[in-house]
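Trainee: Got a minute to go through a model with me? I'd like to talk about the side chains.
Mentor: Sure, put it up and ask away.

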Amino acid sequence: MGILEKISEIEKEIARTQKNKATEYHLGLLKAKLAKYRAQLLEPSKSSSSKGEGFDVMKSGDARVALIGFPSVGKSTFLSLITSTASEAASYEFTTLTCIPGVIEYKGANIQLLDLPGIIEGAAQGKGRGRQVIAVARTADVVIMMLDATKGEVQRSLLEKELGSVGIRLNKHKPNIYFKPKKGGGISFNSTVTLTQCSEKLVQLILHEYKIFNAEVLFREDCSPDEFIDVIMGNRVYMPCLYVYNKIDQISMEEVDRLARKPDSVVISCGMKLNLDYLLEMLWEYLALTCIYTKKRGQRPDFTDAIILRKGASVEHVKTASVGTGVCVSVLVPAGSVLSCGHASLVTQRRPRSGWPPGNVPVGLMSGLRHLVSAQGL
């Protein structure tokens with residue numbers, strides 16, 4: 001029996017098993033086996049051919065966004081509208097056969113957008129070019145899931161299942177579980193919260209399924225067996241996802257309103273160019289990017305060339321990004337104070353803004369490397 005047949009049998013067994021207290025250990029073992037077989041399925045075969053033309057795209061720009069969806073949902077049209085790249089669009093399926101990159105220029109940032117070929121149900125098992133598409137999606141910072149608004153929630157649930165089966169977790173955070181295999185001493189199990197989904201016995205059974213008999217496990221939050229298996233596997237990717245419903249000009253206003261109110265969702269129409277600006281705003285928010293501007297000593301700030309950083313960046317990150325540019329890094333904080341440090345002589349302790357005599361620095365003009373910069377700061 002091959003891996004695909006084993007996966008199918010386990011999925012059928014899980015589907016027909018009632019979920020209750022008596023079957024939780026059995027279901028936990030089945031899920032562990034299922035995750036193990038899926039991991040084996042994703043391992044590249046020694047006899048497999050190359051990745052394929054157009055799928056090995058070099059990462060460039062300040063962020064990467066993967067455009068995923070079923071065939072003929074408007075991915076290529078969307079790429080052509082918001083980038084300068086022309087992707088072939090037609091009324092038949094599978095117009096796009098390779099990965100086509102484009103660049104979104106927004107708020108001074110260059111965001112790489114990848115138009116991936118349409119995937120079909122069973123892509124995670126290798127149908128179509130699903131494996132190649134999903135492999136590229138794992139390298140993205142954000143996934144845009146393009147959906148046909150006229151087909152309801154069917155496409156969304158199928159795509160979530162396909163991506164979830166290969167270890168892509170959409171709009172989820174990494175489980176707060178400490179797990180460390182050891183050479184001896186058995187299994188040490190502890191938790192800092194009350195567990196309602198996992199027990200010590202279930203954790204031991206799952207670890208034994210993976211041939212792990214010595215490990216330290218600490219639950220810092222109430223996690224499910226699936227989340228614990230994700231921690232054991234260690235190859236899961238957690239990334240934000242925007243669900244974009246296209247073709248809203250073909251459905252009723254009530255349905256548009258319902259879809260727009262769903263979490264992490266945006267409604268657009270590529271054919272009528274509706275709501276594309278709001279989509280870019282949401283994409284910027286999900287990428288968590290921020291713009292910082294720099295100035296050279298004795299010159300006015302250059303607002304045409306921004307340094308793009310992730311939210312939560314500090315003065316130290318700005319310093320690192322500006323090394324070699326000959327600029328004096330300054331930061332504008334919300335209170336209106338200016339924080340400034342020469343990048344060549346920054347130190348970890350607080351230091352005054354250059355130009356002020358020692359001992360005569362006004363209050364609010366002191367900063368250190370760990371000071372968090374704000375958006376549109378100078």
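**Rings, a glutamine and the cysteines**

Trainee: Are tyrosine 106 and tryptophan 284 buried or exposed?
Mentor: Tyrosine 106 and tryptophan 284 are both buried, where buried means under 20% relative accessible area, exposed over 50% and partly exposed in between (1.4 Å probe, protein chains only). Before we go on: this is a predicted model, with local features needing pLDDT of at least 70 and side-chain atom pairs counting only at pLDDT 80 or more, while totals for chains, interfaces and linings use all residues. Residues are numbered from 1 along each chain as its sequence is written, and side-chain values use heavy atoms, leaving out hydrogens and water.

Trainee: Cool. How many aromatic pairs does the structure hold?
Mentor: There are four aromatic pairs. Rings of Phe, Tyr and Trp (its six-membered ring) pair if their centres lie within 6.5 Å; planes under 30 degrees apart count as stacked, over 60 as edge-to-face and the rest as tilted. Tyrosine 106 and tryptophan 284 have ring centres 5.8 Å apart and planes at 65°, so they are edge-to-face.

Trainee: And where do those two sit in the chain?
Mentor: Tyrosine 106 is in strand β2 (residues 100-106) and tryptophan 284 in helix α9 (residues 276-287), so to speak distant parts of the chain, 178 residues apart. Helices (H or I, at least four residues) and strands (E, at least two) are DSSP runs, numbered from the N terminus.

Trainee: Which residues form the aromatic cluster?
Mentor: Phe179, Phe189, Phe219 and Phe228 make up one cluster. Phenylalanine 189 and phenylalanine 219 are both buried.

Trainee: New topic: what does glutamine 155 touch?
Mentor: Leaving aside residues up to four places away in sequence, glutamine 155 touches Phe70, Val73, Leu147 and Asp148, with contact meaning heavy atoms within 4.5 Å. Glutamine 155 lies in helix α5 (residues 154-165) and counts as buried at 6% relative accessibility. A polar atom of its side chain lies 2.9 Å from the backbone nitrogen of aspartate 148.

Trainee: Last one, how many disulfides does the structure hold?
Mentor: Zero disulfides, taking a disulfide as a pair of cysteine sulfur atoms within 2.5 Å.

Trainee: Why do cysteine 241 and cysteine 270 count as buried?
Mentor: Cysteine 241 counts as buried because its relative accessibility is 0%. Cysteine 270 counts as buried because its relative accessibility is 4%.

Key
A polar contact is a pair of N or O atoms within 3.5 Å; within protein, one must be able to donate a hydrogen and the other to accept it, and residues adjacent in sequence count only if both atoms are side-chain atoms.
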